[in-house]
Every structure is written in C-alpha cells, then in structure tokens.
Amino acid sequence: NSLDETVKFLNQSKAIKDFEIPSLLSSVKFAVEQALIDLAFKQKSVLLKDVPVLTDSQIKVNAVIGFDSKENILGQIEKKIELGFDTFKIKVGRDNPYEDFELLESIRSTFGYDIFLRLDANQKWSSDEAIEYLERFKDYVIEFVEEPCEFTCSTFRTIEESHIPIA
C-alpha cells in the first residue's frame, strides 16, 4: 500500500542528511516528503505517532550566539552549557576574518570538542572567501555552515570545494 511504500522511501532517504543537499534541492526533498506523507495518510487512516520513520529521529536544538566580544561569547556558551545545550550556532563573517578564526580557536581551547559547532555567515562571503575560510575552519570540527555566500552559484561552488557541509 502507499503508506508502506512512503515509509520505505523515507527510510531509504534518511541516510541523506538535509545539509548535504544543496539548499534549493533540500526544499524540494521536503516538499516531496510532505506530499507523499499527506497522500499516504489520506488513503489510509493512520496516526502520525504510529509511523516510526517520522518520529524516531531527533534534531539537536542549537543555542544561537551572535556577534559580541570573544569574552562575552565564551561566557554565553558557558551559561548555555549549564542549561544543557551542547550545540551552538556561532555567527561568523566579521569584517576582519581573523577575529572569526581566533573566536573558534578560543571556543575549542576553552570547551574542547564535546560541544557541536555550527556556523552562520549570513551570506557575507564570496565563494573564494568562503572556500578559504572554511579550509581554515576544518580543524575546529564544524557540523555545517549556514548561508556562506550571497549568490546561489557561489554557494554551489563552495559546496563542491568545501569539506564542511553547507546548509
């Protein structure tokens, strides 16, 4: 039946993490999944909680850390860790990129690698800058970088040349 086929399809697609898909295509993947789920539920009366593929995974919620001094950012992270957070989205893209490098170095030297880091550049960089900076960030073990470039073609080039996933 269509619900079983939908669940099978979604199980197979779970291996692909959304941030490994170019941003325009992840929206398409989401739309297709939603349409298949909707269709399957309309054809068979089933409760959402009874479909394990839709409820068995967790998405870590991150604490967002905006632009601030290095000392204040380290203090914010420490407070968030005390509240139970272990995943942080750090705003990057300062006018002086070396401040971003120093910040990430300070975060890792202070908190180690038991916390997860995500970066958000708010489309600040060109593809050349993004590729250069992400290469420098590789030792800091970054989960993904959100919106590194303003233009889609620049983002696609960055995706092709970066080892860090782009969201």
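Reader: What makes β1 and β2 a pair in this predicted model?

Author: Two strands pair if there are at least two bridges between them. β1 and β2 (residues 87–91) are joined over three bridges, in the parallel sense. So the pair meets the cut-off of at least two bridges. Ala63 has its bridge partner in β2, and that partner is Phe88.

Reader: Which strands form the sheet, and in what order?

Author: Four strands form the sheet, in the order β1-β2-β3-β4. The sheet is open, and the pairing is parallel.

Reader: Why are β1 and β4 said to stand at the edges?

Author: β1 (63–65) and β4 (142–146) each have a single partner strand. One side of each is therefore left without a neighbour in the sheet.

Reader: By how many degrees are neighbouring strands turned against each other?

Author: The average is 25° in this sheet, direction ignored.

Reader: Which helix packs on the sheet, touching β2 and β3?

Author: Helix α4 (residues 97–111) packs there, touching β2 and β3 (116–120). The direction of α4 makes about 165° with that of β3. Angles over 145 degrees count as roughly antiparallel, so α4 and β3 are roughly antiparallel.

Reader: Why are α3 and α4 called oblique?

Author: Helix α3 (residues 70–82) and α4 pack at an angle of about 40°. Under 35 degrees would be roughly parallel, and 65 to 115 roughly perpendicular. The angle of about 40° falls in neither range, nor is it over 145, so the two helices are oblique to each other. Their axes are 10 Å apart. The crossing of α3 past α4 is right-handed.

Reader: Which residues make the contact between α3 and α4?

Author: On α3, they are Lys70, Ile73, Leu74, Ile77, Glu78 and Ile81. On α4, they are Glu102, Leu103, Ser106, Ile107, Thr110 and Phe111.

Reader: What is the phi of Asn122, and where does Asn122 lie?

Author: Asn122 has a positive phi of about 50°, although it is not a glycine. Asn122 lies in the loop between β3 and α5 (127–137). Gln123 is found in that loop too. Phi of Gln123 is near 60°, again a positive value in a residue other than glycine.

Reader: Why do Asn122 and Gln123 count as partly exposed?

Author: Partly exposed runs between the buried limit of 20% and the exposed limit of 50%. Asn122 has 39% relative accessibility, so Asn122 counts as partly exposed. Gln123 has 36%, so Gln123 counts as partly exposed as well.

Reader: Why is Ser162 called buried?

Author: Buried means under 20% relative accessible area. Ser162 has 16%, so Ser162 is buried. Ser162 is found in the segment after α6 (152–161).

Reader: What makes the link from Ser162 to Ile164 a polar contact?

Author: The side chain of Ser162 reaches the backbone nitrogen of Ile164 at 3.0 Å. The limit is within 3.5 Å, so the distance fits.

Reader: How many residues separate Glu135 and Ile164 along the chain?

Author: They are 29 residues apart along the chain, and their C-alpha atoms are separated by 8.3 Å. Glu135 is found in helix α5. At 40% relative accessibility, Glu135 counts as partly exposed. The side chains of Glu135 and Lys138 are joined by a polar contact of 2.7 Å.

Reader: Where is Ile159, and how far apart in space are Ile159 and Ser127?

Author: Ile159 is found in helix α6. C-alpha to C-alpha, Ile159 and Ser127 are 9.4 Å apart. In sequence they are 32 residues apart. Ile159 is partly exposed, with a relative accessible area of 25%.

Notes
Residues numbered from 1 in each chain as written. Predicted model: local features only at pLDDT ≥ 70, side-chain atom pairs only at ≥ 80, totals over all residues. Heavy atoms only, no water. Buried < 20%, exposed > 50% of the residue type's maximum accessible area, 1.4 Å probe, protein only. Polar contact = N/O pair within 3.5 Å; in protein donor to acceptor, adjacent residues only side chain to side chain. Axes fitted to C-alpha atoms, helices over the stretch in contact; angles between N-to-C directions. Contact = heavy atoms within 4.5 Å. Left-handed = near helix turned anticlockwise from the far one by under 90°.
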